[in-house]
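Student: I'm new to this structure and would like to learn how to read it. Could you walk me through a few features, one at a time?

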Amino acid sequence: MNEQILFIRSKLQEKLSLTRYEHTLSVSFTAMALAMRYRCDLEKAELAGLLHDCAKRFSDADILEKCKQKRLPISEEEQKAPAVLHAKLGAVLANEKFGITDSEILNAIRYHTTGRPQMSLLEKIVYVADYIEPRRNKAPNLEELRALSFVDLDEALYQIMKGTLEYLAQRGGAIDPASKEAFLYYEQEREKRRMNTDAGCK
């Protein structure tokens with residue numbers, strides 16, 4: 001294991017709660033497993049997984065304030081539900097505090113909560129790993145989604161986005177426009193795949 005990984009782990013263990021640190025390790029290992037399956041860079045998957053929640057050491061109010069201090073763009077929905085901002089702030093902290101300069105890793109951290117259209121393979125992996133990691137036990141259909149993630153990553157991504165939006169709608173929670181945009185994009189991509197499959201069967 002390289003020194004950078006050990007350093008990051010030690011710092012995160014100091015700063016994060018025990019449950020958050022365990023989640024962090026679990027996401028990192030799950031991201032690496034998915035990276036092996038889909039032939040993505042293992043070290044980038046490990047680093048993005050480790051750092052995806054590095055801003056979770058702060059309260060929602062502190063995250064909002066730090067985003068304002070760093071002049072990060074904040075939507076009206078993010079003002080109402082600042083927890084989602086931890087991803088945006090996390091990408092900044094990964095760069096400033098841990099020296100991560102690779103844009104692929106930073107984007108995987110930045111978009112692990114909302115997703116976005118045309119996500120890179122690494123972004124998809126971290127987004128999915130955050131949802132299916134073995135420490136998580138409350139999300140619906142986890143068993144099916146875990147199996148699906150190692151068979152069809154894009155379909156798993158779509159199903160997670162769909163389930164997340166449905167859950168937020170049922171709770172009456174604020175839904176970030178970026179999440180809606182990402183879902184609609186992957187819904188269209190899914191329909192294109194279905195049409196291509198149907199055409200190929202004729």
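Tutor: Sure! Let's begin with handedness: a crossing of two helices is right-handed if the near helix is turned clockwise from the far one by less than a right angle, and left-handed if anticlockwise. Keep in mind that what you see is a predicted model.

Student: Which hand does the crossing of α2 and α3 have?

Tutor: Those two cross in a right-handed way. The residues that make the contact are Thr24, Leu25, Val27, Ser28, Ala31, Met32, Ala35 and Met36 on the α2 side, and Leu42, Ala45, Glu46, Gly49 and Leu50 on the α3 side. Sorted by type, the residues of this contact come out as nine nonpolar, three polar and one charged.

Student: And at what angle do α2 and α3 pack?

Tutor: About 155°, with the axes 7 Å apart; α2 covers residues 18–38 and α3 covers residues 42–51. Angles over 145 degrees count as roughly antiparallel, so that is the word for α2 and α3.

Student: There's a loop between those helices. How do I read a phi value there?

Tutor: Start with the general idea: most residues other than glycine have a negative phi. Now look at Arg39, in the loop between α2 and α3. Phi of Arg39 is near 60°, a positive value in a residue that isn't glycine.

Student: Is Arg39 buried or exposed?

Tutor: The rule here is that exposed means over 50% relative accessible area, and buried means under 20%. Arg39 has 79%, so it's exposed.

Student: Where does Gln118 lie, and what is its phi near?

Tutor: Gln118 lies in the loop between α7 and α8. Its phi is near 55°, again a positive value in a residue other than glycine. With a relative accessible area of 63%, Gln118 is exposed.

Student: What about His112: buried or exposed?

Tutor: His112 is found in the loop between α7 (103–110) and α8 (121–132). Its relative accessible area is 2%, so it counts as buried.

Student: What does the side chain of His112 make a polar contact with?

Tutor: With the side chain of Asp53, at 3.3 Å. If you set aside neighbours within four places in sequence, His112 is in contact with His52, Asp53, His86, Ala87, Val126, Tyr127 and Asp130.

Student: I'd like to try a lysine. Where is Lys124 found, and is it buried or exposed?

Tutor: Lys124 sits in helix α8. Its relative accessible area is 14%, so Lys124 is buried. Leaving out neighbours within four places in sequence, the residues Lys124 touches are Met119, Leu153, Asp154, Leu157 and Tyr186.

Student: One last idea, then: how do I relate separation in sequence to separation in space?

Tutor: Pick two residues, note how far apart they are along the chain, then look at the distance between their C-alpha atoms. Take Gly172, in the loop between α10 (153–171) and α11 (177–201). Gly172 is exposed, at a relative accessible area of 64%. From Gly172 to Leu93 there are 79 residues in sequence and 31 Å in space, C-alpha to C-alpha.

Student: How many residues apart along the chain are Arg194 and Glu43?

Tutor: They are 151 residues apart along the chain, and their C-alpha atoms are separated by 33 Å. You'll find Arg194 in helix α11. Its relative accessible area is 43%, so Arg194 is partly exposed.

Methods
Residues numbered from 1 in each chain as written. Predicted model: local features only at pLDDT ≥ 70, side-chain atom pairs only at ≥ 80, totals over all residues. Heavy atoms only, no water. Axes fitted to C-alpha atoms, helices over the stretch in contact; angles between N-to-C directions. Helix = DSSP H or I, 4+ residues; strand = E, 2+ residues; numbered from the N terminus. Parallel < 35°, antiparallel > 145°, perpendicular 65-115°, else oblique. Contact = heavy atoms within 4.5 Å. Nonpolar A, V, L, I, M, F, W, Y, C, P; charged D, E, K, R; others polar. Buried < 20%, exposed > 50% of the residue type's maximum accessible area, 1.4 Å probe, protein only. Polar contact = N/O pair within 3.5 Å; in protein donor to acceptor, adjacent residues only side chain to side chain.
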